[in-house]
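This report describes selected features of one protein model, moving from individual side chains to pockets and cores. Please consult the sequence and coordinates alongside the text.

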Amino acid sequence: MESNSDQPTEAQESNNNGNACIDNVENEEPTVANPSSPTEKDDKYYQDAKKYWSKISPTVDGMLGGFGSISFTDIRGSEQFLKNLFKLKPAPGRLQALDCGAGIGRVSKNLLMNSFERVDLVEQDAQFCAKAESELSPSGKLGTVYNVGLQDFRPEEDKYDVIWSQWVLGHLTDTDIVEFFFRCTKALKKNGIMVMKENFTNTDEVEMDRQDSSVTRPLQVMKQLLTRGNLRVVKEQRQKDFPKGLYPVHMIAVRPIINS
């Protein structure tokens, strides 16, 4: 995550944390190909992820699965993508953002707090939440830190200009990710945008990582889930300059198909 949150490799971000890990590199032993990802709510699926992340150090390197060195490149790519979103017509506002799968707040600290007046975080690991609060409180821009997994998170309606979700959606089942998308459409303000930054497979198969209880989906599968969740793509870009051997990482900006 960046606990569910930040993961750039081919196989692993934690159940709903926002500093995602780079996930396992391609062809790592814990990764197995499956024709589809989990579809129904599965308590063991979520509990296994929670257990995995509870053992991870609350550091940037921990959040990124040992690939802490890519953090600068990751943030630089996200900054450019976000700047381009502010050029859209209509553009999203700059008041309130939500960091999903926030981990220790790496994305909030280095990206979102530079563009928004207030940032809320959602993170399922209590240790990561505590670290994020400690690190981000001095900024004066920290809003509420929600200690809950995305599958159970119910955001306030009409609150956020931008919802940023990074390296965490692989920890949600298909059913839960669609429901999460629906809730996000209601949480966005007028002209609001949701951004997801995730690993995607190079094949047409969903790949499961049993080590951290997550899946890496093909890009087309994610787009199908977005449509089911009442979201349409307005901008898409692949992250550049990551080390070879990692999963392709794409940033996708979406807006509601039908405003709630």
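## A salt bridge within helix α1

Lysine 44 is exposed, with a relative accessible area of 56%. The model is a predicted one. Aspartate 48 is partly exposed, its relative accessibility being 31%. These two residues form a salt bridge in which the closest N and O atoms are 2.7 Å apart. Both belong to helix α1, and because they are four residues apart there, about one helical turn separates them.

## Salt bridges between distant parts of the sequence

In total, the structure holds 10 salt bridges. One of them joins the side chains of aspartate 74 and lysine 197, with an N to O distance of 2.6 Å. Aspartate 74 is located in helix α3 (residues 71–85) and lysine 197 in strand β8, so this pair ties together parts that are 123 residues apart in sequence. Aspartate 74 is buried at 0% relative accessibility, and lysine 197 is likewise buried, with a relative accessible area of 0%. A network of salt bridges links Asp74, Arg106 and Lys197.

A further salt bridge is formed by the side chains of aspartate 174 and arginine 217, at 3.1 Å from N to O. Helix α6 contains aspartate 174, while arginine 217 lies in the loop between β10 (214–216) and α7, so the contact ties together parts that are 43 residues apart in sequence. Aspartate 174 and arginine 217 are both buried.

## The second largest pocket

The second largest pocket holds about 160 Å³ of space. Its lining consists of Asp42, Lys44, Tyr45, Asp48, Met208, Asp209, Arg210 and Ser213. Two elements, α1 (43–54) and β9 (206–209), each give two or more residues to this lining. The most comes from α1, which gives three residues.

By character, the lining residues divide into five charged, two nonpolar and one polar. Lys44 and Asp48, which appear in the lining, are also the partners in the salt bridge at 2.7 Å described above.

## Aromatic pairs

Seven aromatic pairs are present in the structure. Tyrosine 45 and tyrosine 46 make an edge-to-face pair, with 5.5 Å from centre to centre and 70° between the planes. Both tyrosine 45 and tyrosine 46 are buried; Tyr45 is also among the residues lining the second largest pocket.

Another edge-to-face pair is that of tyrosine 52 and tryptophan 53, where the centres are 5.3 Å apart and the planes lie at 85°. Tyrosine 52 and tryptophan 53 are buried as well. Through ring pairs, Tyr52, Trp53 and Phe128 are linked into a cluster.

## Nonpolar cores

In soluble globular proteins, nonpolar side chains tend to be buried together. The largest nonpolar core in this model has 32 residues, and those touching the most other members are Ile163, Leu169, Phe180, Phe181, Met194 and Met196. Elements giving two or more residues to this core are α1, β4 (96–100), β7 (160–166), α6 (174–187), β8 (188–199), β9, α7 (219–228) and β12 (249–256). Helix α6 supplies the largest share, six residues.

Separate from this core is a second one of 25 residues, which includes Cys129, Leu136, Trp164 and Val195.

## Backbone features and a buried aspartate

The peptide bond from lysine 89 to proline 90 is cis, its omega being near 0°. Proline 90 lies in the loop between α3 and β4.

Which value of phi does tryptophan 167 have? Its phi is near 50°, a positive value in a residue other than glycine. Tryptophan 167 occupies the loop between β7 and α6 and is buried, at 1% relative accessibility. Aspartate 241 also has a positive phi, near 70°. This aspartate is found in the loop between β11 (231–238) and β12. Is aspartate 241 buried or exposed? Aspartate 241 counts as exposed, because its relative accessibility is 60% and the cut-off for an exposed residue is over 50%.

Aspartate 120 is placed in strand β5 (residues 118–122). At 2% relative accessibility, aspartate 120 is buried. Between aspartate 120 and alanine 102 the separation is 18 residues in sequence and 9.2 Å in space, C-alpha to C-alpha.

Conventions:
Residues are numbered from 1 along each chain as its sequence is written. This is a predicted model: local features need pLDDT of at least 70, side-chain atom pairs count only at pLDDT 80 or more; totals for chains, interfaces and linings use all residues. Side-chain values use heavy atoms; hydrogens and water are left out. On a 1 Å grid over the protein atoms alone, a cavity is a set of points where a 1.4 Å probe fits but cannot get out, and a pocket is an open set with protein on both sides within 12 Å along at least five of seven lines; lining residues have an atom within 4 Å of a point. Grid points are joined across faces, edges and corners, and a volume is the space filled by probe spheres set on the points. Ala, Val, Leu, Ile, Met, Phe, Trp, Tyr, Cys and Pro count as nonpolar, Asp, Glu, Lys and Arg as charged, and the others, Gly among them, as polar. A nonpolar core is a set of buried Ala, Val, Leu, Ile, Met, Phe, Trp, Tyr and Cys residues joined through side-chain atoms within 4.5 Å. Buried means under 20% relative accessible area, exposed over 50%, partly exposed in between (1.4 Å probe, protein chains only). A salt bridge is a side-chain nitrogen of Lys or Arg within 4 Å of a carboxyl oxygen of Asp or Glu. Rings of Phe, Tyr and Trp (its six-membered ring) pair if their centres lie within 6.5 Å; planes under 30 degrees apart count as stacked, over 60 as edge-to-face and the rest as tilted.
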